[in-house]
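Here are some short exercises, each with a worked solution to compare with your own. Keep the viewer open and try each task before reading on.

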Amino acid sequence: MYSNSSSYGNGYLQRHPVSTSASRRGGGGSRRGRRSSRIGGDGLESRVSEQSKPPRCTEFDMAYFQSYSHVGIHEEMIKDRVRTETYRAAIMQNQHFIAGKVVVDVGCGTGILSIFCALAGAKRVYAIDASEIAVQANEVVKANNLSDKVIVLLGRVEDVEIEEEVDVIISEWMGYMLLYESMLGSVITARDRWLKPGGIILPSHATLYMAPVTHPDRYGESIDFWRNVYGIDMSPMLPLAKQCAFEEPSVEAITGENILTWPYVVKYVDCYTVTIQELESITARYRFTSMMRAPLHGFAFWFDVEFSGPAIFQNNGYALSPPGSVTSSDTYSPGSGQKKKRVKSNEALILSTAPEDPPTHWQQTLLYFYDPIEVQQDQIIEGSITLTQSKENPRFLNIHLEYSSGGRSFVKESVMR
Ligand code: SAH
């Protein structure tokens with residue numbers, strides 16, 4: 001799907017893939033139901049609970065978990081130093097809260113975050129993953145002599161049983177455009193099942209941004225290219241080229257130079273209070289004033305997550321950022337020229353995927369128009385964006401974009417699949 005994505009041999013995309021194409025498991029339902037398996041030194045131990053009913057584990061879920069059993073996807077995430085080192089720093093920053101406490105790692109993958117927590121002094125870490133990668137995580141835990149502290153559970157967070165409440169939830173759940181792959185719902189489930197009152201969630205908050213983008217190089221390479229190919233007018237290719245290049249969202253890296261003005265907050269998520277229902281469909285209205293004259297090619301989306309400890313969470317003085325234009329106290333403040341830097345009023349660590357920050361494997365997600373719009377300096381660009389979990393596969397994202405500028409209005413529908 002994405003021009004610069006790697007695949008892992010089964011048609012899945014890089015990080016956080018949710019393609020529905022056949023699971024190698026061949027459609028078997030081995031993890032269906034409320035079955036969880038503890039992987040321990042004594043072998044496999046299964047526990048089945050008959051209590052409240054979790055959501056059904058669908059074929060889509062199984063394909064999704066299957067995609068996480070490949071080493072490449074974990075290698076890519078772990079090699080993303082911005083990501084992994086920010087998580088480690090957040091764990092160390094909250095060490096006083098983690099030491100001697102019980103932690104659950106929602107989607108442990110290879111176990112790296114669980115091990116960081118154990119090394120930070122956690123009394124016990126439940127490392128949960130529904131992908132077979134959990135088997136590897138258990139081996140890694142053993143190799144590091146941490147089996148007495150880290151309990152690896154193979155199963156869905158929705159299904160596994162743990163017999164105590166936890167002080168800390170840690171999870172790396174973010175997909176492209178923050179919400180793609182819908183893993184945040186599983187963090188919410190873990191919170192509602194196990195988090196003690198006063199416990200902490202890392203990361204604690206997340207923000208999805210959008211900003212108008214000019215990208216003449218990209219448009220030139222994919223579209224204008226056809227106007228003159230070895231001296232031949234191949235412009236009849238233009239409609240197809242536009243459709244193929246811009247029908248779907250594109251994950252690619254842009255720079256601050258591509259951004260026409262300050263970003264807008266599409267969604268602010270407080271992980272302590274967000275609900276699963278709230279994430280089913282999100283609509284935000286936006287209004288930008290272009291800071292320059294340029295062809296507007298579409299919109300870029302990116303996110304950041306914040307690791308606030310409990311003190312900040314409980315402090316009512318914490319600057320919550322409501323949906324709407326970002327404010328100087330809590331997000332972007334104008335710097336010189338195009339450069340924008342996030343300024344925080346507290347000490348919270350931020351993992352940012354913004355174009356002006358060091359690159360991550362998430363890059364940015366671009367929604368291109370089929371045809372650019374020429375905007376003047378100070379021209380208004382306004383409309384709305386709706387992100388809805390697809391009915392076809394809740395891990396897909398339906399994107400409904402409305403935009404108008406200079407008296408013309410447009411609608412673009414796309415699916416991130
Ligand atoms: N924590 C690891 C892996 C993050 S990727 C790291 O930071 O490197 C997300 C992982 O969550 C994947 O391995 C995926 O299989 C797992 N996952 C997603 N939803 C889950 C769920 N509902 N229950 C259990 N595991 C889940």
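**Exercise 1.** In which strand does D129 lie? Then decide whether D129 is buried or exposed, and look for its partners.

*Solution.* Bear in mind that this is a predicted model.
- Step 1: the strand that holds D129 is β4, residues 124-129.
- Step 2: the relative accessible area of D129 is 9%. Buried means under 20%, so D129, at 9%, is buried.
- Step 3: leaving aside neighbours within four places in sequence, D129 is in contact with G107, C108, G109, A134, L153, L154 and G155.
- Step 4: for a polar partner, go to C108, whose backbone nitrogen lies 3.3 Å from a polar atom of the D129 side chain.

**Exercise 2.** Which residues are closest to the ligand, and how many surround it? Find polar atoms that face its nitrogen atoms.

*Solution.*
- Step 1: the ligand is surrounded by 22 residues, the closest being R83, G107, D129, E158 and S186.
- Step 2: start with the backbone. An N or O atom of the G107 backbone lies 2.8 Å from a ligand nitrogen, and a polar backbone atom of A130 is 3.2 Å from a nitrogen atom of the ligand.
- Step 3: turn to side chains. S186 places a polar side-chain atom 2.9 Å from a ligand nitrogen.
- Step 4: check the cover. Of the 580 Å² of accessible area that the ligand has on its own, the protein covers 100%.

**Exercise 3.** How many aromatic pairs are there? Classify the pair formed by F303 and W362.

*Solution.*
- Step 1: the count comes to 17 aromatic pairs, taking ring centres within 6.5 Å.
- Step 2: for F303 and W362, the centres are 5.3 Å apart and the planes make 80 degrees, so with over 60 counting as edge-to-face, this pair is edge-to-face.
- Step 3: locate the partners. F303 belongs to strand β12 (residues 294-307), while W362 is in the loop between β16 (349-352) and β17 (364-375), so the pair links parts of the chain 59 residues apart.
- Step 4: both F303 and W362 are buried.
- Step 5: look for a cluster too. Ring pairs link Y264, Y286, F288, F299, F369, Y403 and F410.

**Exercise 4.** Which residues of helix α2 are buried, and what covers them?

*Solution.*
- Step 1: in α2 (residues 71-79), the buried residues include G72, I73, H74 and M77.
- Step 2: among the elements covering them are α1 (59-67), α3 (81-93) and α6 (133-143).

Methods:
Residues numbered from 1 in each chain as written. Predicted model: local features only at pLDDT ≥ 70, side-chain atom pairs only at ≥ 80, totals over all residues. Heavy atoms only, no water. Phe/Tyr/Trp six-rings, centres within 6.5 Å; stacked < 30°, edge-to-face > 60°. Helix = DSSP H or I, 4+ residues; strand = E, 2+ residues; numbered from the N terminus. Buried < 20%, exposed > 50% of the residue type's maximum accessible area, 1.4 Å probe, protein only. Near = heavy atom within 4 Å. Polar contact = N/O pair within 3.5 Å; in protein donor to acceptor, adjacent residues only side chain to side chain. Areas by Shrake-Rupley, 256 points an atom, 1.4 Å probe, with all protein chains shown as cover. Contact = heavy atoms within 4.5 Å.
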